[in-house]
Structure formats: C-alpha cells, structure tokens
Amino acid sequence: MTQTKTDTPKKGLEGAIAGVTRITLIDGIQGRLLFRGYRIQDLATNCTFEEIVYLLWNGELPNRTQLAKITSELREVRSIPPRLVTILKEIPANAPPIDVLRSGISLLAHFDKETPDNSPEANWRKSLRLVAQAATITAAHYRIQHGHEPVPPSNDLPHVANFLYMLTGTKPDPAVVAPVEAYFVLLGDHDFNASTFAGRVTVGTMSDIYAATTTALGTLKGPLHGGAAEAVMEMLPHIKGPNDAEAFVDRTLAAGQKVMGFGHRVYKTRDPRGTVLKQIYFKNVKTDEQKTWGEICERIEKRMFEKKNLNFNVDFYGAVALAVAGIPIELFTNLFGISRMAGYCAHFMEQYADNRLIRPLSDYQGPAERDFVPLDKRK
Ligand code: ACO
C-alpha cells in the first residue's frame, strides 16, 4: 500500500482531525463542551466525580445501583502497594509533585499482575485502579514531602472527599468538597487535548495502559497545558494590586511573553469550564487577599480582551478557585491530572477497542540526498 501525503501541515497540527471519538464534543466557536452529549455546566452543578467516571466510560449517566457499584469499586482499590510508599519516601524532597505522580503511575505497573493484559476487562479494572490510586499517590507524596506519614484511604468517603481527607488527615466539610468536586467534574475530559492524544498514541502501539498514562502525564506537565494554573499563581505576586493589572498585561505583552491562563487552540470564545470556575471562585472567596485576586483577574481579563481579543481558559479562574478551596499551589497540575484520569482511561479504552497505529507523516525540509563524506575528508 502506498502512503500519500494528504495535507499541507499546519504547525502544531492546528485544525487536523486526528481520529474519531464518541466521548466528548468541544464546540470552540459557540463555547460548548459536552460529555457524551451532556452540557458541562449541568454536569458540574449536579454530578459527583464518580458519575462522570461512569458516564465517560459507559456512555450513559448511572442510575442509583450503577452509581453505588462504581463508587464501591473505586473505593476498594484506593490503597497503593506499601513498597510504592517506601519508594515515594526515597524520592528527593524537591521533586515536583506532577513528576512524582508520573513516576508513581509508571511504578504501579510493576506491582499490577494485569499490566500486560490489554483485554477490555483487564483495562477496565486497571482504569479503576488508575483513577483511585492517582489520588492516593498524590496525597501520600504530598504528606511525605511535608514530613508526615501518608493517611490511609478512607473506607466510606467518596472519591474527592477521600482525596482531601488523605491530604489533611481530617474529614473535610462538604462546603470544602463541593468546589473541588466541581473542578474534578469540569476537568474530567477534554477531547483530543495534548496529553490525552499523546496517551492515545502510546495505546496505538498496543503498549499498556500504565505506559499510556505515563506518557499523558509527562505531556500534561508543560505550562502550555496542565502546568498553566500553577503559572497563573506564580504570575499574581508580580502584580502590585488591582491598579497595576492593566500595566502588567501591557508589560507582559510588550516583552513578547504570554499571560498565563489565556488563549486556547480550540476555543475562540470563552472556555465554558472557565466561566463555571469563575462563578465558583467568586462564590467561595473569603480573605481580603483573595478578594483582591478577583479584582486583579477581572481587570486582566478585560485588558486581554481589549488588547489581544483573547479569553481566559480553564486555568485562569481554575487557579484562584483551587487556591480559595485550600489546595496547595504545587498540587494544581496533579489535580488536573487526577481529574483527567477519568478522561484518559475513557480515551485509552476507546482507542484499544478500535485501534490502528497512529503514525503521521512529516514534511521533510532538510538537506537533499548527498554523498557520504569519510571522517578524514570532512572540513
Ligand atoms: N498571552 C498572550 N498572547 C497570547 C496568549 C497568551 N496567553 N495566547 C496566545 N497568544 C497570542 C500569541 O502570541 C499569538 O499572537 P500573534 O499571532 O500575534 O503572534 C496568537 O495569540 C496565537 O497564539 P499561539 O500560541 O500560536 O496559539 P496556540 O493555539 O498555539 O496556543 C495556547 C494555545 C498554548 C493555549 C496559548 O494560548 C498559550 O500559550 N496560553 C498560555 C498558556 C495557557 O494558559 N495554557 C493553558 C491552555 S488550556 C489547557 O491546556 C488546560
């Protein structure tokens, strides 16, 4: 079979359709995001994260019995191998938590007898473990990094509440859980985003689901993707107050730099997740400092639209919403990753179910064919 080049390449694969999916629709012109046909706004205000896992993996929202089943299945596989905890304790203290999550997932593969089994049934069971244990690894490592013993997972709390419990050792107030749960739902999936796509490429070689998740997390880390929320919080201290917001935008743009939390490859209007997170942020804001962030953010938002016609993305208000919910800044990328684990697994299972190697072509622009020059004749 002859391979033909079908397109003139666009940098960053802009506009390229890389495959078929039945999981998530993004309409970047209207600013719509649907999981299996359901509007993200409805899901964020009405669903638990477990319902989203079920929806993304099964295609339908669960009834009560189905929800109870997936909730208990996730709960039963929360614990990570004790030897993995020992290894987490040996990791240098300054390792970024997202790197530790990536390494932790990679290590989990060695402890799972089902790692090489790519059957749908085994991948389903491994997906449950990935969703549950990504949260446990993050919480355990955070506590180790701060000089505390990991808190074993609870046997009764739902996924998000249990994650907060494993971080702090205290059963969280439902008012604290609610905004974090909404964040998990909103970030649950996002079509062929860079990290999901990278993971699908790994699945495309018929490698295992742990390898695909490791690929995905390595891709998520970058500040142009999942690392952007932490970058937003690093940006805020450089702004002297609300009256400096416009000047900050002008300074940043004049220096040819990006204002983090703005712009998106697909959304040409507001990212609907960002709109929900903005509401969540303003609903939960408490301290004077947090109120000031709100003023600064709204002024940055206005200035970015005036100067660049760019809207905020999920990470802009996502960052301040997580900060107000008490999530440590260094865990923001992990929160993205452990929420997106639902979507990663949905996409990986979809890829396994109808796989073909993902192998595009390139537009070669290097030197033309030439004769080899022996070492002693080279200039
Ligand atoms: N600040 C300033 N200018 C920007 C920004 C920004 N945040 N984003 C895009 N632009 C400008 C670019 O400078 C460029 O301008 P030009 O045409 O005058 O040169 C134009 O908009 C197009 O930008 P690209 O970087 O080519 O857009 P692309 O689609 O490749 O990138 C991306 C999208 C990576 C999200 C980009 O907007 C960006 O870097 N944003 C900041 C980082 C960020 O918030 N990332 C999170 C994205 S959402 C997510 O992954 C969860």
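Does Lys69 count as buried or exposed, and at what relative accessibility? Lys69 counts as exposed, at 53% relative accessibility. The cut-off for exposed is over 50%. This is a predicted model. The points below cover one helix, the ligand site and the salt bridges.

**Helix α4**

- Helix α4 spans residues 82-90. Its buried residues are Leu84, Val85 and Leu88.
- Seen down the axis of α4, these buried residues fall within an arc of 105°, so they line one face of the helix.
- Pro82, Arg83 and Glu90 are exposed. They sit on the face of α4 turned away from its buried side.
- Two helices pack against the buried residues of α4: α5 (97-111) and α6 (120-145).

**The ligand site**

- The ligand is surrounded by 20 residues. The closest are Lys258, Val259, Gly261, Phe262 and Arg265.
- Phe262 offers a polar backbone atom 2.8 Å from a nitrogen atom of the ligand.
- Arg265 uses its side chain: an N or O atom there is 2.7 Å from an oxygen atom of the ligand.
- Lys308 has a polar side-chain atom 3.4 Å from an oxygen atom of the ligand.
- On its own, the ligand has 910 Å² of accessible area, and the protein covers 67% of it.

**Salt bridges within a helix**

- The whole structure holds 21 salt bridges.
- Lys69 and Glu73 form one of them, with 2.9 Å from N to O. Both residues lie in helix α3 (residues 64-76). They are 4 residues apart, about one turn of the helix.
- Asp99 and Arg102 form another, with 3.5 Å from N to O. They are 3 residues apart in helix α5, so about one helical turn separates them.
- An α-helix has 3.6 residues a turn, so residues three or four places apart point the same way.
- Asp99 counts as buried, because its relative accessibility is 16% and the cut-off for buried is under 20%. Arg102 is partly exposed, with a relative accessible area of 27%.

**A salt bridge between a helix and a loop, and a network**

- The side chains of Arg129 and Glu114 meet at 2.7 Å, N to O, in a salt bridge.
- Arg129 is in helix α6 and Glu114 is in the loop between α5 and α6, so the pair ties together parts 15 residues apart in sequence.
- Arg129 and Glu114 are both buried.
- Elsewhere, Asp250, Lys302, Arg303, Glu306 and Lys307 are joined into one network by salt bridges that share partners.

Technical notes
Residues are numbered from 1 along each chain as its sequence is written. This is a predicted model: local features need pLDDT of at least 70, side-chain atom pairs count only at pLDDT 80 or more; totals for chains, interfaces and linings use all residues. Side-chain values use heavy atoms; hydrogens and water are left out. Buried means under 20% relative accessible area, exposed over 50%, partly exposed in between (1.4 Å probe, protein chains only). The arc is that of the directions from the helix axis to the C-beta atoms. Contact means heavy atoms within 4.5 Å. A residue is near a molecule or strand if one of its heavy atoms lies within 4 Å of it. A polar contact is a pair of N or O atoms within 3.5 Å; within protein, one must be able to donate a hydrogen and the other to accept it, and residues adjacent in sequence count only if both atoms are side-chain atoms. Accessible areas come from the Shrake-Rupley method with a 1.4 Å probe; for residues, only the protein chains shown count as cover. A salt bridge is a side-chain nitrogen of Lys or Arg within 4 Å of a carboxyl oxygen of Asp or Glu.
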